[in-house]
Amino acid sequence: MAKVSATEKNKHRKELVDRYAKKRAALKAIIMDRSKPMDERFRAQLKLNELPRNSSKIRLRNRCEVSGRPRAYYRKLKMSRIALRELGSLGKIPGLVKSSW
């Protein structure tokens with residue numbers, strides 16, 4: 001069996017999050033609405049539990065689009081510090097000047 005990379009897993013999770021976002025939001029609204037009867041809120045909770053675990057937004061991980069590295073991630077650039085430094089040294093990022101002495 002082939003091993004799936006972490007970036008591919010994360011990409012699959014993003015698709016699931018997008019697919020189930022509206023359904024999850026609707027179920028959560030029912031669960032949080034205290035004016036609804038307890039049994040209706042409980043059924044909504046059970047339906048929410050039946051959805052795929054990876055469809056929850058909290059399961060996503062910010063990853064570098066260049067290297068796939070999960071740590072030291074710059075959100076604005078969507079890359080890690082290591083990839084940023086490497087591409088900056090090569091002059092491939094406009095407006096970035098890496099100093100060296």
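How far apart are the end C-alpha atoms of helix H1 (residues 6-32)? They are only 33 Å apart, although H1 has 27 residues. A straight helix at 1.5 Å a residue would reach 39 Å. H1 falls short of that span. H1 also bends, by about 55°, at Tyr20.

This is a predicted model. Its average pLDDT is 91, and 99% of the residues score at least 70. Among the elements of the protein, H2 has the highest mean pLDDT (96). Helix H3 (residues 81-89) has the lowest (91).

**Helix H1 and its cover**

Several residues of H1 are buried: Asn10, Leu16, Val17, Tyr20, Arg24, Leu27 and Ile31. Tyr20, where H1 bends, is thus listed among the buried residues. H2 is part of what covers them.

**Ser55**

Where is Ser55 placed? Ser55 sits in the loop between helix H2 (38-50) and strand S1 (73-74). Ser55 counts as buried because its relative accessibility is 1%, and buried means under 20%.

Leave aside the neighbours within four places in sequence. Ser55 is then in contact with Leu16, Val17, Tyr20 and Arg24. Each of these four names also appears among the buried residues of H1.

The side chain of Ser55 has polar partners, set out here.

| Atom or group of Ser55 | Partner | Distance |
|---|---|---|
| Side chain of Ser55 | Side chain of Arg24 | 3.1 Å |
| Polar atom of the side chain of Ser55 | Backbone oxygen of Pro52 | 2.6 Å |

The Arg24 pair is a polar contact between two side chains. Pro52 takes part through its backbone oxygen.

How values were computed
Residues are numbered from 1 along each chain as its sequence is written. This is a predicted model: local features need pLDDT of at least 70, side-chain atom pairs count only at pLDDT 80 or more; totals for chains, interfaces and linings use all residues. Side-chain values use heavy atoms; hydrogens and water are left out. Helices (H or I, at least four residues) and strands (E, at least two) are DSSP runs, numbered from the N terminus. Buried means under 20% relative accessible area, exposed over 50%, partly exposed in between (1.4 Å probe, protein chains only). A polar contact is a pair of N or O atoms within 3.5 Å; within protein, one must be able to donate a hydrogen and the other to accept it, and residues adjacent in sequence count only if both atoms are side-chain atoms. Contact means heavy atoms within 4.5 Å. The expected span of a helix is 1.5 Å times one less than its number of residues. The bend at a residue is the angle between axes fitted to the seven residues ending there and the seven starting there. pLDDT is the predictor's confidence in each residue, from 0 to 100.
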